[in-house]
Amino acid sequence: MREPVNRTILLLDIERFSRRDDVVQAVLRRTLNTVVDRTLVTAGVEATQQYREDRGDGLIVLISGDVAKTAVLRALLTVTPALLHDHNRLASGGAQMRLRMVLAAGEVAHDPQAGTTGGLVGHDLNQAFRLLDSDALRRALAGRADGDCVLAVSTPVYEGVVRHGHHGVRPELFRRAEVTVKDGVLPAWIQGGGEEAGVAGDGAAGAASPSPAPGMPQAPAPAPAPAPAPERSGGAVFHFYGAPVVHGSLVGGDQHGVSGGQVTGDVILGGSGNKSAPADRAGESRSEDGGRS
């Protein structure tokens, strides 16, 4: 076995490939290779900087560490979706192609055996395949009715590239998912993951909302509801004793006023009283022209 070397790992898988007949499968395989060719050319990957292995319904692509991961990621986020869209616009319903994709990084060794092809060995490669085959990534693609692909990146790629927001890479579009695999839980970051991004395990959605990516601003808390306006107290209470005559106006409530007239007798505002009118004033009143009646 050769010494392991660090590689950028790109895995692609065609959705529902086995449900197509042989003729359609052949067309999809050729289309996939064309899409990958053009994507890697855009990323600046030379033929000598890549290794490809046919997986029937998908591809393994190992890219030299000399190639910037940012360039590969940008191409996967822009060129690949555009090429798939162009294909699906013209393809029949049975020849539509949608992809699950994983971008990871790690140590991979090549251990070819006589008379066989392949022979890739590496823990990081195995983990990347588990992400590709996970229910979380399958649900993410199934939930994207308006999209032709979905991309997951491993934690090293997210921490080393995505979260820094390099040109053409928007970290806020990636959501963390906890993927349950046979030997534990594997974290991943799914681009445009939607509801799947809050997955607590690979089988059910978590109750909590997805957490924002590290370093991203928290959403502002909702403004508190305005306090209800205090109820107004009742208006003033007027008790008139004697024989009052009011010329002008009297307003009870927030404003009170007496103008242009004369009140004879006792006046109590806002309360009550039981004081009797003076004997010499009892029963007296004035007419509106000022005379005594």
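**Exercise 1. Work out which strands pair with β4 in this predicted model, and in which direction each pair runs.**

Solution. Start with β1, residues 5–14: 10 bridges join this strand to β4, and the two run antiparallel. For a spot to look at, find Leu-10, which stands opposite Leu-103 of β4.

Next, go to β6, residues 149–153. Five bridges link β6 with β4, this time in parallel. Leu-103 turns up again here, with Val-153 as its bridge partner in β6.

Last comes β5, residues 120–121, which is joined to β4 by two bridges and runs antiparallel to it. Here the pair to click on is His-110 and Leu-120, which stand opposite each other.

**Exercise 2. Decide whether strand β4 is largely enclosed or not, and find out where its residues go in the nonpolar packing.**

Solution. First, count the buried positions: β4 spans residues 99–110, and 10 of these 12 residues are buried, so the strand is largely enclosed by the rest of the structure.

Second, look at the largest nonpolar core, which has 40 residues. Leu-12, Leu-99, Leu-103 and Val-153 have the most contacts inside this core. At least two core residues come from each of β1, α1, β3, α2, β4, β6 and α5. The top contributor is α2, with eight residues.

Third, note that another core lies apart from this one; it has 25 residues, including Val-102, Leu-120, Leu-141 and Val-181.

Finally, zoom in on Leu-99. Skipping neighbours within four places in sequence, its contacts include Leu-12, Ile-14, Leu-32, Leu-84, Leu-141 and Val-150. Polar residues are on the list too, among them Asp-13, Thr-80 and Asp-148.

**Exercise 3. Find which side of helix α1 is buried, and check how the helix begins and what flanks it.**

Solution. Begin with the length. α1 has 21 residues and reaches 31 Å from first C-alpha to last, close to the expected 30 Å.

Now list the buried residues: Val-24, Gln-25, Leu-28, Thr-31, Leu-32, Val-35, Val-36, Thr-39 and Leu-40. Because they cover an arc of only 160° around the axis, they sit on the same side of α1. The spacing makes sense: an α-helix has 3.6 residues a turn, so residues three or four places apart point the same way.

What does the buried set pack against? The partners are β1, β2, β3, α2 and β4. Over on the other side of α1, Asp-22, Val-23, Arg-30 and Val-41 are exposed.

Then check the ends. At the N-terminal end, Asp-21 acts as a cap, with a side-chain oxygen 3.2 Å from the backbone nitrogen of Val-23. Upstream, in the loop between β1 and α1, you'll find Arg-16. Its phi is near 55°, a positive value in a residue other than glycine. Most residues other than glycine have a negative phi. Just after α1, Gly-44 also takes a positive phi, of about 80°.

**Exercise 4. Say whether Gln-191 is buried or exposed, and pick out its side-chain partner.**

Solution. Locate Gln-191 in β8, the strand of residues 184–191. Its relative accessibility is 16%, under the 20% cut-off, so Gln-191 counts as buried.

For the partner, check the side chain: a 3.5 Å polar contact joins it to the side chain of Arg-144. Leaving out neighbours within four places in sequence, Gln-191 is in contact with Leu-77, Arg-144, Val-150, Leu-151, Leu-173 and Phe-174.

Conventions. Residues are numbered from 1 along each chain as its sequence is written. This is a predicted model: local features need pLDDT of at least 70, side-chain atom pairs count only at pLDDT 80 or more; totals for chains, interfaces and linings use all residues. Side-chain values use heavy atoms; hydrogens and water are left out. Two strands pair if DSSP finds at least two bridges between them. Helices (H or I, at least four residues) and strands (E, at least two) are DSSP runs, numbered from the N terminus. A nonpolar core is a set of buried Ala, Val, Leu, Ile, Met, Phe, Trp, Tyr and Cys residues joined through side-chain atoms within 4.5 Å. Buried means under 20% relative accessible area, exposed over 50%, partly exposed in between (1.4 Å probe, protein chains only). Contact means heavy atoms within 4.5 Å. The expected span of a helix is 1.5 Å times one less than its number of residues. The arc is that of the directions from the helix axis to the C-beta atoms. A polar contact is a pair of N or O atoms within 3.5 Å; within protein, one must be able to donate a hydrogen and the other to accept it, and residues adjacent in sequence count only if both atoms are side-chain atoms.
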